[in-house]
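Me: I should like a close look at one part of this protein, namely its nonpolar core and the side chains that surround it. Please set that part within the chain as a whole.

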Amino acid sequence: GGSRYCRDVRAVILAVMIGCNPGSKAPPPPPPPAAASGVHSDVHVDRRVELVSIVCALAGFKEYTHGQVNPYRTEVVTAFRPFLDHPAVAMARQLRADNGIGYDAPMIFAVHLDDHLQLRDAAELATLDARWQGVDVEAYAAALRDFAKASKLDEFLAAHRDHYKQIEDALRAAVDAEHPIEWFDATFGKREHATYTV
């Protein structure tokens, strides 16, 4: 048996900050509707993903800064530029230099944070991705929590809630049109009480 991360069947589409991301702690999304089988699906901007995406962008990760310039991206840069030298950003740079932490690795970390940005199933990180081997993941999580507080990330997210809702609605319609749960069930077998989060 695996940890909670492995038990939950999740399809995670990560829209990096450049195009359509939020950040820290906007109001939590409404609970997903329950299907008859107990399977839940939801599409929402994820605070944890936004936080880590913003930190990676500030740290200069090219894969987190590519994309078309748009008003939201400009507002992110304006709001968070004063925190370029924050310890979380410095740690992200060092993690990239020393461990190759980039691309998908930051997102593996992000989804191991809970709603309070506390790390859960920390030991699992290195088993999922060897780049996390030997990293002080608790220290990095603490630095991210401090960044979220110091930068007032939750206020930024709350101020952009309407923008996020437009993105969520559009993506939800696109996802629903493809019936992804049917594909997961056919490919991996049905999982009662599974949670699919986009």
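Reply: The answer below begins with the chain as a whole, turns to the core, and then takes up several individual residues.

The model is a predicted one, and its confidence should be considered before any detail. The pLDDT averages 85 over the chain, and 80% of the residues score at least 70. Residues 1–36 stand apart from this picture, with a pLDDT below 50, although in the model this stretch has 103 contacts beyond near neighbours in sequence. Where pLDDT is low, the predicted coordinates should not be read in detail. The contacts of residues 1–36 are therefore not pursued here.

The secondary structure consists of 11 helices and 2 strands. Read from the N terminus, the order of elements is α-α-β-α-α-α-α-α-α-α-α-α-β. The chain has 198 residues, of which 43% count as buried. Among contacts with a separation of 6 or more, 76% are between residues 24 or more positions apart.

The largest nonpolar core contains 43 residues. Within this core, Val55, Phe109, Trp132, Leu144 and Phe147 have the most contacts. At least two core residues come from each of helix H3 (47–58), helix H4 (71–80), helix H5 (87–99), helix H6 (105–110), helix H8 (137–150) and helix H9 (153–159). H3 provides the largest share, 8 residues.

Tryptophan 132 shows how one core residue meets several parts of the chain. Apart from neighbours within four places in sequence, tryptophan 132 is in contact with Leu95, Ile101, Ala105, Pro106, Phe109, Leu125, Ala126, Val137 and Tyr140. One of these partners, Phe109, is itself among the core residues with the most contacts.

Aromatic rings form a further network. The model has 13 aromatic pairs. One of them joins tryptophan 183 and phenylalanine 184 edge-to-face, with 5.1 Å between centres and 80 degrees between the planes. Phenylalanine 184 also pairs with tyrosine 196, in a tilted arrangement at 5.2 Å centre to centre and 50 degrees between the planes. This second pair links distant parts of the chain, since phenylalanine 184 lies in helix H11 (residues 180–188) and tyrosine 196 in strand S2 (residues 195–197), 12 residues apart. Both partners are buried: phenylalanine 184 has a relative accessibility of 14%, and tyrosine 196 has one of 4%. Elsewhere, ring pairs join Tyr72, Phe80, Phe83, Phe147, Phe156 and Tyr164 into a cluster. Phe147 thus belongs to this ring cluster and is also among the core residues with the most contacts. A ring is involved in another way at phenylalanine 61, where the charged end of arginine 96 sits over the ring, 4.4 Å from its centre.

Phe147 also leads to a polar residue. Histidine 86, in the loop between H4 and H5, touches Ala143, Asp146, Phe147 and Ala150, leaving out residues up to four places away in sequence. The side chains of histidine 86 and aspartate 146 are joined by a polar contact of 2.7 Å. Histidine 86 and alanine 150 are 64 residues apart in sequence, yet their C-alpha atoms are 9.1 Å apart in space. With a relative accessible area of 8%, histidine 86 is buried, because the cut-off for that class is under 20%.

Arginine 47 is a second polar residue of interest, and it is found in helix H3. The relative accessible area of arginine 47 is 16%, so this residue too counts as buried. Its side chain makes a polar contact of 3.2 Å with the side chain of aspartate 154.

Two backbone positions complete the account. Most residues other than glycine have a negative phi. Leucine 117 has a positive phi, near 65 degrees, and is placed in the loop between H6 and helix H7 (124–128). Histidine 179 likewise has a positive phi, near 50 degrees, and is found in the loop between helix H10 (161–178) and H11. Their surroundings contrast: leucine 117 is buried, with a relative accessible area of 2%, whereas histidine 179 is partly exposed at 46%.

Conventions
Residues are numbered from 1 along each chain as its sequence is written. Side-chain values use heavy atoms; hydrogens and water are left out. Rings of Phe, Tyr and Trp (its six-membered ring) pair if their centres lie within 6.5 Å; planes under 30 degrees apart count as stacked, over 60 as edge-to-face and the rest as tilted. Buried means under 20% relative accessible area, exposed over 50%, partly exposed in between (1.4 Å probe, protein chains only). Helices (H or I, at least four residues) and strands (E, at least two) are DSSP runs, numbered from the N terminus. A charge sits over a ring if NZ of Lys or CZ of Arg is within 6 Å of the ring centre and within 35 degrees of the ring normal. A nonpolar core is a set of buried Ala, Val, Leu, Ile, Met, Phe, Trp, Tyr and Cys residues joined through side-chain atoms within 4.5 Å. Contact means heavy atoms within 4.5 Å. pLDDT is the predictor's confidence in each residue, from 0 to 100. A polar contact is a pair of N or O atoms within 3.5 Å; within protein, one must be able to donate a hydrogen and the other to accept it, and residues adjacent in sequence count only if both atoms are side-chain atoms.
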